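Q: I am new to this structure and would like a close look at its cysteines. After that, please walk me through the other side-chain links and any enclosed space.

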Amino acid sequence: MADPGSKRGMVFSAASAVLFGVTPAVASRIYSMGGNAVTLTFYRNLMAVPVLLALLGLEGVSLRLTRREAGLLLLMGAGFRVTTTLMLYQSYLYIPTGMATTLHFLYPALTALLCRARFRERLGPWKLFALGLSGLGALCLLELGAGTDPRGVLLASSSALTYACYLIGLDKTALRDMHPHKAACYMGLLNAAAMLAVGLPTHQLRLALPPAALGLSFLLAVSTSFLAVSLLQWGIRLLGASSAALFSMLEPITSVAVGCLALAESVSRRSLLGCALILAGVALTALAGQRQAVEK
């Protein structure tokens, strides 16, 4: 019988990916009301903090940090997660957002390879095959044009590396044992502070948004910076960074599906093939995880 913890880790990681995958469709609505990427990231993270603080108070979780925890949060939050956000959004200036997002999804493969190189984590033939299928699926979603700016490609690809380091940090450091809501709260504060520091001098931060845009921003704050981030940390704790990262490949599939259903976007046969390959990779990861649990 498969380990219940492993099953929960799969569900948590998949649910996190689906919640993140809805973000582009909601973000497009906010952008049409005068918002932008920096403003949305600022509000999305800041608005989640009071919700998280209230939950931590109800759960009786202390906000105190040891020096080690504070240092790790700064490294993982400011060093990797904030850097990921900034590089990914900066890449949008040079290449289409779809291309940038697809390149960013190199991170599951990078996460697995870094875990193998640094921690000698065994991947196994099934996980390697699943990584190959998911990577091939991501390439099917990638559409490189003749005028592709290499600066955008470099920035988006680098965001995949820093996000892989962030996921590994959540798995292999003391942050693994920190309450997910507490970690999400501090990460939200760090991200909001970074967007404030970047947005004010560059005039990209627009604090005055229509009520509808603020309402949608709060919806994203609850669904992503609160729920999705916490679920991802639970998934990493139960599965490990490399397996949880593979389930995160459901995010671009969700984005494609929501774009097609809610925004009437067209989907090419190549994109459908890419989605099918990614789904096959995720399914193989789930089957391999259950098989390992049975063997134990």
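How many disulfides does a search of the whole structure find?

A: First, a caution: this is a predicted model. The search of the whole structure finds 0 disulfides. Take Cys115, which is in no disulfide. Its nearest cysteine sulfur belongs to Cys165 and lies 9.9 Å away. A disulfide needs two cysteine sulfur atoms within 2.5 Å, so the pair Cys115 and Cys165, at 9.9 Å, does not qualify. A disulfide is a covalent bond between the sulfur atoms of two cysteines. No such pair turns up here.

Where do the cysteines sit? Cys115 is buried, and its relative accessible area is 0%. Cys185 is buried too, at 2%.

Now the charged side chains. The count comes to 2 salt bridges. Asp171 takes part in one with Lys172, where the closest N and O atoms are 3.5 Å apart. Asp171 also meets the side chain of Arg176, this time at 2.2 Å from N to O. Together, Asp171, Lys172 and Arg176 are linked in a network. How open are these three residues? Asp171 is buried, with 6% relative accessible area. Lys172 is partly exposed at 34%. Arg176 is also partly exposed, at 27%. So a buried Asp171 is linked to a partly exposed Lys172 and a partly exposed Arg176.

Next comes the enclosed space. The count of cavities of 30 Å³ or more comes to 1. The largest cavity holds about 30 Å³ of space. Which residues line it? They are Tyr166, Leu170, Ala183, Ala184, Met187, Val229, Leu232 and Gln233. Of the lining residues, 7 are nonpolar and 1 is polar. None of them is charged. Three helices each supply at least two residues of this lining. They are helix H8 (150–172), helix H9 (180–202) and helix H10 (211–239).

Helix H10 offers another detail. Ser230 is found in this helix. Ser230 is buried, with 4% relative accessibility. The Ser230 side chain reaches the backbone oxygen of Phe226 at 2.8 Å.

A similar note can be made in helix H1. Thr23 is found there, in the run of residues 4–32. Thr23 is buried, with a relative accessible area of 11%. Its side chain reaches the backbone oxygen of Phe20, at 3.0 Å. Both Thr23 and Ser230 therefore bring a side chain to a backbone oxygen, a pairing that fits the 3.5 Å cut-off for a polar contact.

Pro24 is found in helix H1 as well. Pro24 is partly exposed, at 43% relative accessible area. By contrast, Thr23 is buried. Pro24 also has a partner far along the chain. Ser255 is 231 residues away in sequence, yet the C-alpha atoms of Pro24 and Ser255 are separated by 6.7 Å.

To recap: the model has 0 disulfides and 2 salt bridges. Asp171 has a part in both, with Lys172 and with Arg176. The model also holds 1 cavity of 30 Å³ or more, with residues from helices H8, H9 and H10 in the lining.

Note on methods:
Residues numbered from 1 in each chain as written. Predicted model: local features only at pLDDT ≥ 70, side-chain atom pairs only at ≥ 80, totals over all residues. Heavy atoms only, no water. Salt bridge = Lys/Arg side-chain N within 4 Å of Asp/Glu carboxyl O. Buried < 20%, exposed > 50% of the residue type's maximum accessible area, 1.4 Å probe, protein only. 1 Å grid on protein atoms, 1.4 Å probe; cavity = no way out; pocket = protein on both sides within 12 Å on 5 of 7 lines; lining within 4 Å. Points joined across faces, edges and corners; volume = space filled by probe spheres on them. Helix = DSSP H or I, 4+ residues; strand = E, 2+ residues; numbered from the N terminus. Nonpolar A, V, L, I, M, F, W, Y, C, P; charged D, E, K, R; others polar. Polar contact = N/O pair within 3.5 Å; in protein donor to acceptor, adjacent residues only side chain to side chain.
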